[in-house]
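Here's a small set of exercises to work through with the viewer open. Try each one yourself before reading its solution.

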Amino acid sequence: WALKKIWDKKLLYKGFKVVPYCPRCGTPLSAQEVAQGYKDVKERSAVVRFKMKDEDAYALVWTTTPWTLPSNLSLCVNPDEDYAKVKEIDGKTYYLAVALLDQVLNHLKEDECGPTPYEILETFKGKELEYKEYEPLFNVVDLEKKAYYVNWDNYVTLSDGTGVVHIAPAFGEDDSNVGKIYDLPFLQLVDGKGEFTKETPWAGTFCKDADPEILKDLESRGLLF
């Protein structure tokens, strides 16, 4: 009776919530169930070049879940941290957090003790980059809402990576929250069995097994840093 009254008043809505999920069983899991089998594992991580729109520059984005990249819809920065647009000695221009410049670009060093060679072109607070657009890595479906732009949230930290986080609202609680705040579309290219859907080049492949193929594809297009 109570539920029907709420329904009659049009106070129920249909939406999405990110929860732990078992692709083998095809069911959501409670946090307690997940904790019972918790263990540390090694993951393949990657720093990806996201080409900025109408600009010869890239945002550098670190991820430990390459299989979520085809479902990417935005990039997220910390609003209060400092970010820089820098030019490498090889001529490429990147956006990333100032505090992580040396750590991310240390492969450019001629020796371990020497300075990291790059030129800072501009600096900004993260919030100044809001709504800056970039080109999608994988444009496999038409979207009904605006996507592929920079947004910000305080959950982004500078403890790891580049200070720029990729957002796939279908695969992560923080991602989902950012997606709701910015009214991003919902893109889920992995089905209930944990396999990529027919819209992708990896249809029928279990998502984790697709990690190497996705990275190989990005590298072939010069988008893997």
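**Exercise 1: the two sides of a helix**

The face of α5 turned away from its buried side carries the exposed residues Lys216 and Ser220. Keep in mind that this is a predicted model.

Task: find which residues of helix α5 (residues 211-220) are buried, and work out where they sit around the axis.

Solution.
- Step 1: go through α5 and pick out what is buried, which gives Asp211, Ile214, Leu215 and Leu218.
- Step 2: look down the axis. These residues cover an arc of only 95 degrees, so they end up on the same side of α5.
- Step 3: compare with the general rule. An α-helix has 3.6 residues a turn, so positions three or four apart point the same way.
- Step 4: ask what lies on top. The cover over the buried residues of α5 includes β3.
- Step 5: step off the end of the helix. Just after α5 comes Gly222, with a positive phi of about 75 degrees.

**Exercise 2: the sheet that holds β3**

Task: write down the strand order of the open sheet of 5 strands, and say which strands are at its edges.

Solution.
- Step 1: trace the neighbours, and you get β3-β4-β7-β6-β8, with mixed pairing.
- Step 2: look for strands that pair on one side only. Those are β3 and β8, the edge strands.
- Step 3: check the twist. Neighbouring strands here are turned by 30 degrees against each other on average, ignoring direction.
- Step 4: zoom in on one pairing. Strand β6 (residues 82-88) runs antiparallel to β8, with 7 bridges between them. For a concrete example, Ala84 has Thr123 in β8 as its bridge partner.

**Exercise 3: rings in the core**

Task: classify the ring pair of Phe50 and Tyr134, and explain which parts of the chain the pair ties together.

Solution.
- Step 1: count the aromatic pairs in the model; there are 12.
- Step 2: take Phe50 and Tyr134. Their centres are 5.4 Å apart and the planes make 85 degrees. Since planes over 60 degrees apart count as edge-to-face, that's the class.
- Step 3: place the partners. Phe50 belongs to strand β3 (residues 46-51) and Tyr134 to the loop between β8 (118-125) and β9 (149-152), so the pair ties together parts 84 residues apart in sequence.
- Step 4: check burial. Phe50 has 0% relative accessibility, so it's buried. Tyr134, at 3%, counts as buried too.
- Step 5: extend the network. Ring pairs join Phe50, Tyr134 and Tyr148 into a cluster.

For another kind of ring partner, try Phe138: Arg221 lies over the face of its ring, 5.1 Å from the centre.

**Exercise 4: a glutamate in the loop**

Task: describe the surroundings of Glu133, in the loop between β8 and β9.

Solution.
- Step 1: get its accessibility. At 29%, Glu133 counts as partly exposed.
- Step 2: list the contacts, skipping residues up to four places away in sequence. Glu133 touches Met52, Lys53, Lys146, Tyr148 and Tyr149.
- Step 3: try a backbone distance. The C-alpha atoms of Glu133 and Val150 are 6.4 Å apart, with the two positions 17 residues apart along the chain.

**Exercise 5: zooming out**

Task: how many helices and strands does the protein have, and what percentage of its residues count as buried?

Solution.
- Step 1: count the elements, giving 5 helices and 10 strands.
- Step 2: take the 225 residues; 41% of them count as buried.
- Step 3: for the overall dimensions, the C-alpha trace spans about 70 × 35 × 35 Å along its principal axes.

Definitions and conventions:
Residues are numbered from 1 along each chain as its sequence is written. This is a predicted model: local features need pLDDT of at least 70, side-chain atom pairs count only at pLDDT 80 or more; totals for chains, interfaces and linings use all residues. Side-chain values use heavy atoms; hydrogens and water are left out. Rings of Phe, Tyr and Trp (its six-membered ring) pair if their centres lie within 6.5 Å; planes under 30 degrees apart count as stacked, over 60 as edge-to-face and the rest as tilted. Helices (H or I, at least four residues) and strands (E, at least two) are DSSP runs, numbered from the N terminus. Buried means under 20% relative accessible area, exposed over 50%, partly exposed in between (1.4 Å probe, protein chains only). A charge sits over a ring if NZ of Lys or CZ of Arg is within 6 Å of the ring centre and within 35 degrees of the ring normal. Contact means heavy atoms within 4.5 Å. Two strands pair if DSSP finds at least two bridges between them. Axes are lines fitted to C-alpha atoms, for helices over the stretch in contact, and angles run from 0 to 180 degrees between N-to-C directions. The arc is that of the directions from the helix axis to the C-beta atoms.
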